[in-house]
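Trainee: Could you take me through one part of this model slowly? I'd like to start from a single strand and work outwards from there.

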2 protein chains.
Amino acid sequence: MPEEITKIASTEREARSFIRAAREGRKRIGLVPTMGALHEGHLSLVRAARRTCESVAVTIFVNPAQFGQTEDLSKYPRTIDEDLEALRDLGVDLIFLPSQDELYPNGFSTYVLPPAVADPFEGQFRPEHFRGVATIVLKLLNLLPADVAFFGQKDFQQFQVIRQMVKDLNVPVEIQACPIVREPDGLAMSSRNRYLTPDERERAVALSDALAEAKRCFDDGATSSSTLAEYMSEILRKAKITKIDYAEVADANTLQRIDQIDRPAVALIAAYVGRTRLIDNTLLAAE
Amino acid sequence: MPEEITKIASTEREARSFIRAAREGRKRIGLVPTMGALHEGHLSLVRAARRTCESVAVTIFVNPAQFGQTEDLSKYPRTIDEDLEALRDLGVDLIFLPSQDELYPNGFSTYVLPPAVADPFEGQFRPEHFRGVATIVLKLLNLLPADVAFFGQKDFQQFQVIRQMVKDLNVPVEIQACPIVREPDGLAMSSRNRYLTPDERERAVALSDALAEAKRCFDDGATSSSTLAEYMSEILRKAKITKIDYAEVADANTLQRIDQIDRPAVALIAAYVGRTRLIDNTLLAAE
């Protein structure tokens, strides 16, 4: 059995030297950007990369630029030892663990103004979030120019933002979305699930229940977005989830709200369970 | 004598195929982005590229995103036949001539928010100019990933914007500035000089005269920015140049205005000669 060696890099120079070696070996390179606190959702991205790429790099960086001033940057979960162990077990080739100073040195002031698909939904409730996401993803794609980068469908709008950014800015990388990984009861895996109390954890399943109900109604012939939205809100309220940022249906490509589901669409929820904001979504395939 | 063949590309696919071939041949690649209407200033960039790179690509694209609504996009000079001939004569390997649809297709909506060095001077008078410049340069660097890209010192603030953008976004390219090329009387070469009437052409030399005077005073020991600024304005006014956007001294790296010239500095002028807005600058090296 060949010895698997996972390299750890923390500087731009080390990252580039890894890519150079992989390119020399004509290896297909896969990149999985994360903020750590890894769960099965992240690991499914790594496994997808492992299946189709000869060289897999995972980045762990809690990106301050994508957190709002009132958000949970300082208490965002950090589980670096467990993260490294899990990635080593999966035979990852490179783990890139840069410092804040490495990625945002003094004088840093260039950002990516994300595409229009960033404006609704998360864009309304987290005004500079996607600016920070687009900026860090572009930086990582420049530092570790991979052939393909993997993102979870759980952050559906983020995936569309990155897909459009990469197209608009001519970044030579393929962007691949991987399915949402769920707990046995349906709750979408998220690093923020750790924040939930046992009672909140039970109630949190209402998000995936609501989306499943919307999908069921759509499959049964309902095509009115507002009808599906009402069903979803009702299920959330029954679970005492009352702070709902949105529970709606949108065009799956543009994320524009639609009245009738006459094209590929997505049902999206963002809601607070206790003090924890969770998001989830499900695709509604139009015939 | 080996036959020199200049390729012309107009699509992303053709551009990438050129770069791939150059990389296979392990050639050092130089990129010279232009808006056409080439003059000796541009050609000096191409010669600089030719000297240090085995493969030289020149782009010609009049970038709408960097023109303001009241600016001269539609009447910006286009001299494509002469441009191609001049570039062929210099043995350029690739000329990239994309259409607007190729670079800004329907749905395009991602921009680069340029670094802080874009804010003063041109940033005040042409509010979205550097957003457009930074965006197109990043796109071109992604389409034609060169080892080194060449820019004229004539657009000094643009050079600093691009240098900082490339650093902030981790774009793996070296940015090289080349000296301003001047007419025999001192006027900096510019595609916009074509707009000048004979009388305006004569008066336009006041910009370079003013900068030369500022440099002379600095070399003679003057260190007050406002004193140099007054000298410059006086020379401009004597040439009946009264619409002066700025004629000032700034920190050469940050472009922040300074009172005392106690660090590397630059004297910068933007002014209208008739209806034509011209810019020019000169470095004031602090000891």
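Mentor: Sure, let's start with β3(A), which is covered on both faces: S55(A), A57(A) and T59(A) are buried on one side, and V56(A), V58(A) and I60(A) are buried on the other. Keep in mind as we go that this is a predicted model. That one-side, other-side pattern fits a general rule: in a regular strand the side chains alternate between the two faces of the sheet. The strand covers residues 55–60 of chain A, and 6 of its 6 residues are buried, so β3(A) is largely enclosed by the rest of the structure.

What does this strand pair with? Strand β2 of chain A, residues 29–34, runs parallel to β3(A), and 6 bridges join them. If you want one spot to click on, try G30(A), which stands opposite V56(A) in β3(A). V56(A) is one of the residues we just met as buried.

Now step back to the whole chain. The domain assignment splits chain A into domain 1, residues 7–178, and domain 2, residues 191–284. Their centres, taken over C-alpha atoms, are 26 Å apart. Where they touch, domain 1 of chain A puts in 11 residues and domain 2 of chain A puts in 12. On the domain 1 side, the elements giving two or more residues are α5 (122–125) and α7 (156–168) of chain A, and α7(A) has the largest share, with 3 residues. That side is made up of 7 nonpolar residues, 3 polar and 1 charged.

Next, the contact with the other chain. Here 22 residues of chain A meet 21 residues of chain B. On the chain A side, α1 (12–24), β5 (111–113), α6 (129–143) and α7 each give two or more residues, and α6(A) gives the most, with 4. You'll recognise α7(A) from the contact between the domains. By type, the chain A side of this interface has 13 nonpolar, 5 polar and 4 charged residues.

Look at β5 in particular. β5(A) and β5 of chain B, residues 111–113, pair in the antiparallel sense over 3 bridges; in that pairing, L113(A) has Y111(B) as its bridge partner. How are the two chains related? A rotation of 180° with 0.0 Å of shift along its axis puts chain A on chain B, with an RMSD of 0.0 Å. That is the relation of a two-fold axis. In chain A, the C-alpha nearest the axis belongs to V112(A), at 2.3 Å, and V112(A) sits within the stretch that β5(A) covers. Also, 95% of the interface residues of chain A are interface residues in chain B too, so the copies meet through the same surface.

One last stop, over in chain B. Three strands there form an open, antiparallel sheet in the order β8-β9-β10. β8 (244–251) and β10 (276–284) of chain B are the edge strands, each pairing on one side only, and the twist averages 10° from one strand to the next. Strand β9 of chain B, residues 265–273, pairs with β10(B) over 9 bridges, and Y272(B) has R277(B) as its bridge partner in β10(B). Helix α8 of chain B, residues 198–219, packs on this sheet and touches β8, β9 and β10 of chain B, with its direction at about 20° to that of β10(B).

How values were computed. Residues are numbered from 1 along each chain as its sequence is written. Chains are lettered from A and ligands numbered from 1 in the order in which they are written. This is a predicted model: local features need pLDDT of at least 70, side-chain atom pairs count only at pLDDT 80 or more; totals for chains, interfaces and linings use all residues. Domain bounds come from an automatic or database domain assignment. Two residues are in contact if their C-beta atoms, placed from the backbone, lie within 7 Å. Ala, Val, Leu, Ile, Met, Phe, Trp, Tyr, Cys and Pro count as nonpolar, Asp, Glu, Lys and Arg as charged, and the others, Gly among them, as polar. Two strands pair if DSSP finds at least two bridges between them. Axes are lines fitted to C-alpha atoms, for helices over the stretch in contact, and angles run from 0 to 180 degrees between N-to-C directions. Copies are superposed by least squares on the C-alpha atoms of residues with pLDDT of at least 70 in both. A residue is buried if 20 or more other C-beta atoms lie within 10 Å of its own, exposed if 12 or fewer, and partly exposed in between; C-beta atoms are placed from the backbone.
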